Amino acid sequence: MNDLRIVFMGTPEFAVGILDTILKNNYNVVGVITAVDKPAGRGQQVKYSAVKEYALEKGLHLLQPTNLKDPIFVQELAALNANVQVVVAFRMLPEVVWRMPELGTFNLHASLLPNYRGAAPINWAIINGEKETGVTTFFIDDKIDTGAMILAKTTAIDPKENAGSLHDRLMALGCEAVVETLDQIQNSTVTTTLQTDTPDIKTAYKLNKENCKLDFTQSGMALYNQIRGLSPYPAAWCMVKDGELEWNVKIYEASWEPETHNLAPGTWVTGKKEIKIAVNDGFLNLIRLQFPGKKQMVAVEILNGMKFSENCSAF
């Protein structure tokens, strides 16, 4: 049996749940590595990462390197004398870092590898209409999310859930996977499986303004999946034009209603209590959306304060 000395590396809220579970299972975390503080928001006030806030609350030894190859940081990391490193939602590690602990460095990834390697696996699993996903632990190597797999846990994706709810469920599943992986490392019972690349592997590309924009020539189901896959963050969006007025609108929740009609894709249709956008095979019924300078509102709240002409369209 190995006496584990763990360095944990992570940044967002997803990583906090994992770190908390490691501590609650009485593992010895000798250090935490997280992102440097950055200004954020309109006031550009310095914001701590979620992992930093948690580490400070728990009194954990904290390092925030700007450069992971910096000799001073490498020396500080080595001084922690960790024999295993756990990485959750961090950044790519240089070889001098991931090779350091004698028992290895493993990562928790929020997909069933080798599918959805990359930055946004939770979002893309929903956007692509997957029926199941999961989490995988694997030993880090010199590429991104390609190392030998240790274990995986699977869960079904509810056809109505969004990225936010799936995030929370995968965090809970990830807690189980990380603890089981640490148990195996501690008891020297780890077995690994090499990842096999095939031509149909799906990638979790980084989200950007372009791939979050809705294209109303796509099917209603594809648009519905894109909206829930990007909700609550960063949110799907489109432009809405009504005469001389034009808005960048975020859509957080919608339903798809299959229906035959003769309207052009993108036609903005309003009733007394509903807003719909025509697509080739039906209508997107907008449930929660946000106009510039306003808070998120349901459709009826939008209609109480705004009027739209028959020529209004989304694109």
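## Exercises on burial, pairing and rings

T181 is buried, at a relative accessible area of 0%. Keep in mind throughout that this is a predicted model.

**Exercise 1. Place T181 and T192 in the fold, and say what each one touches.**

Start with T181, which sits in helix α6. Skipping residues up to four places away in sequence, T181 touches F106, T137, I150 and L151. With a relative accessible area of 0%, T181 is under the 20% cut-off, so T181 counts as buried.

Now go to T192, found in the loop between α6 and β11 (203-204). Its relative accessible area is 41%, so T192 falls in the partly exposed class, between the 20% and 50% limits. With the sequence neighbours up to four places away left out, T192 touches F139, A148, M149 and I150. I150 thus turns up in both contact lists. One distance to check on screen: the C-alpha atoms of T192 and G59 are 34 Å apart, with 133 residues separating them along the chain.

**Exercise 2. Which residues have the most contacts inside the largest nonpolar core, and which helix gives the largest share?**

First, the core itself: 41 residues, with I6, I18, I22, V86, F106 and L182 having the most contacts inside it. Next, the helix: α6 (residues 163-186) supplies ten residues, the largest share of this core. Then there's a second, separate core, made of 37 residues, including C212, L230, W247 and M306.

Zoom in on I6 to finish. Ignoring neighbours within four places in sequence, I6 is in contact with I22, Y27, N28, V29, V30, G31, A82, V84, V86 and L182.

**Exercise 3. Work out why strand β15 is largely enclosed, and which strands pair with β15.**

Step one is a count. Five of the five residues of β15 (residues 275-279) are buried, so the strand is largely enclosed by the rest of the structure.

Step two is to look at the faces. I275, I277 and V279 are on one side, K276 and A278 on the other, and all of these are buried, so both faces are covered.

Step three is the pairing with strand β14 (residues 268-270). Three bridges join β14 to β15, and the two run antiparallel. W268 has I277 as its bridge partner in β15, and four residues lie between the two strands of this hairpin.

Step four is strand β16 (residues 282-290), which pairs with β15 over five bridges, again in the antiparallel sense. Here I275 has L286 as its bridge partner in β16. The hairpin joining β15 to β16 goes through two residues.

**Exercise 4. How many residues of helix α7 are buried, and what covers them?**

Count along residues 220-229: eight of the ten are buried, making α7 mostly covered. The buried ones are G220, L223, Y224, N225, Q226, I227, R228 and G229. As for the cover, it includes α5 (121-127), α6, β12 (236-242), β13 (245-258), β15 and β16.

**Exercise 5. Classify the aromatic pairs W124–Y205 and F291–F308.**

You need two numbers, since a pair of aromatic rings is described by the distance of the centres and the angle of the planes. The count for the model is six aromatic pairs.

Take W124 and Y205. The centres are 6.1 Å apart and the planes make 85°, so the pair is edge-to-face, given the cut-off of over 60 degrees. W124 lies in helix α5 and Y205 in the loop between β11 and α7, so the pair ties together parts 81 residues apart in sequence. W124 is buried at 11% relative accessible area, whereas Y205 is exposed at 52%.

Now F291 and F308: 6.1 Å centre to centre, but 35° between the planes, which makes this pair tilted. F291 is in the loop between β16 and β17 (297-298), and F308 is in the loop between α8 (299-305) and β18 (313-314), 17 residues apart. F291 counts as buried at 2% relative accessibility, and F308 is buried too, at 14%. Ring pairs link these two with W247 and W268 into a cluster.

**Exercise 6. Which lysines lie over the ring of W237?**

Check K209: its charged end sits over the ring, 5.2 Å from the centre. Then check K213, which lies over the face of W237 at 5.4 Å from the ring centre.

Conventions: Residues are numbered from 1 along each chain as its sequence is written. This is a predicted model: local features need pLDDT of at least 70, side-chain atom pairs count only at pLDDT 80 or more; totals for chains, interfaces and linings use all residues. Side-chain values use heavy atoms; hydrogens and water are left out. A nonpolar core is a set of buried Ala, Val, Leu, Ile, Met, Phe, Trp, Tyr and Cys residues joined through side-chain atoms within 4.5 Å. Buried means under 20% relative accessible area, exposed over 50%, partly exposed in between (1.4 Å probe, protein chains only). Contact means heavy atoms within 4.5 Å. Two strands pair if DSSP finds at least two bridges between them. Rings of Phe, Tyr and Trp (its six-membered ring) pair if their centres lie within 6.5 Å; planes under 30 degrees apart count as stacked, over 60 as edge-to-face and the rest as tilted. A charge sits over a ring if NZ of Lys or CZ of Arg is within 6 Å of the ring centre and within 35 degrees of the ring normal.
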